[in-house]
Amino acid sequence: MLLANKNAVVYGGGGAIGGAVARAFAQEGATVYLAGRTRSKLEAVAEAIRADGGAAEVAEVDALDEQAVGDHADLMAKAAGSIDIALNAVGIMHVQGTPLAELSLEDFLHPITAYTRAQFVTAKAVSRHMTRQGSGVILSLSTPGSKLPGPGFLGFGVTCAAIEATSRLLAGELGGSGVRVVCLRPDAVPEAIAAGSYSRDVFEPIAARAGVPLTDMLAGAAGNTLLKRLPTLDDVANMAVFLASDRAAAVTGTVANMTCGSLVD
């Protein structure tokens, strides 16, 4: 198995993407530590992992709380012996689709501040253990909004660009200690939206402004990709497993383009 004897923490592990990646990590042999704000969602993922023969632990942790995240990382490292993999899959509700003329300063700044805080807090907490042990992988999630211009996505587009820049800069800072840092950039994942992800609440107002059902908006987005589809949860999970494994030992400081061709680098 690709992640045998590895210990992985997934922040936002109760969400659709975080849960899918956590299950894939466990299937490949990792012991998974699920962290998030909603225990019931975390427990549901943990139960699915255990039912499949995997190992999972759960902790209520707010990724915006530096003290709580640091304490959790310390406890995890002490109990497990190492922190080998960390994924930040935290989802934070924010406004998209509002044109600049109608966008408040608060709505513009909210995702930038919240997401970059979560990236900093979680990376700092795990990196001190990874640098001490001389190895580790830190993964984050972005979207094509980091590069694609368009009306109504100013705040989140800047956010995604910041997440990707943070990943590259962390790779430069931590590489000498044997720590790899990679960002995954999937497009919208319809399965996650159907599963009740917070992204449904983000996308529905955009579809409403366009006067189309959300399903039609997603179908249109899929039709505009080179592969004529959008990524699946399995696509994201399988890529995360590969990047977290030793088979990707030479990969760091980059963004994995998983947009199915909605964005061509």
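This is a short tour of one predicted model, with a few selections to make in order.

**Stop 1: helix α2**

Select residues 39–51, which form helix α2. The helix has 13 residues. At 1.5 Å a residue, they should span 18 Å. The end C-alpha atoms of α2 are 18 Å apart, so expectation and model agree.

Now colour α2 by burial. Which residues of α2 are buried? They are L42, V45, A46 and I49. These buried residues cover an arc of only 100° around the axis, which puts them on the same side of α2. An α-helix has 3.6 residues a turn, so residues three or four places apart point the same way.

Turn to the other side of α2. There S40, E47 and A51 are exposed.

What covers the buried residues of α2? Show α1, β2 (31–36) and β3 (55–60), which are among the elements that do.

Step just past the end of α2 and pick G53. Its phi is positive, about 90°.

**Stop 2: the cores**

Next, select F25, L34 and L139. These three have the most contacts inside the largest nonpolar core, a set of 40 residues. Which helix gives this core its largest share? Helix α1 (residues 16–27) does, with eight residues.

A separate core lies apart from this one. That other core has 33 residues, and A35, A63, I83 and A123 are among them.

Go back to L139 and show its surroundings. Leaving aside neighbours within four places in sequence, L139 is in contact with F25. Its other contacts on that basis are A86, L87, N88, V182, L184, A240, L243 and A244.

**Stop 3: D265**

Now select D265. Where does D265 sit in the chain? It lies in the segment after β7 (254–258).

Is D265 buried or exposed? D265 is exposed, because its relative accessible area is 59% and the exposed class begins over 50%.

Show what D265 touches. Not counting residues up to four places away in sequence, D265 touches K147, R185 and N257.

Look at the side chains here. The D265 side chain makes a polar contact of 3.1 Å with the side chain of R185. A polar contact of 3.2 Å joins the side chains of D265 and N257.

For a last selection, add G172. G172 and D265 are 93 residues apart along the chain. Their C-alpha atoms are separated by 21 Å.

How values were computed:
Residues numbered from 1 in each chain as written. Predicted model: local features only at pLDDT ≥ 70, side-chain atom pairs only at ≥ 80, totals over all residues. Heavy atoms only, no water. Helix = DSSP H or I, 4+ residues; strand = E, 2+ residues; numbered from the N terminus. Buried < 20%, exposed > 50% of the residue type's maximum accessible area, 1.4 Å probe, protein only. Contact = heavy atoms within 4.5 Å. Polar contact = N/O pair within 3.5 Å; in protein donor to acceptor, adjacent residues only side chain to side chain. Core = buried A, V, L, I, M, F, W, Y, C linked by side-chain atoms within 4.5 Å. Expected span 1.5 Å × (residues − 1). Arc of directions from axis to C-beta.
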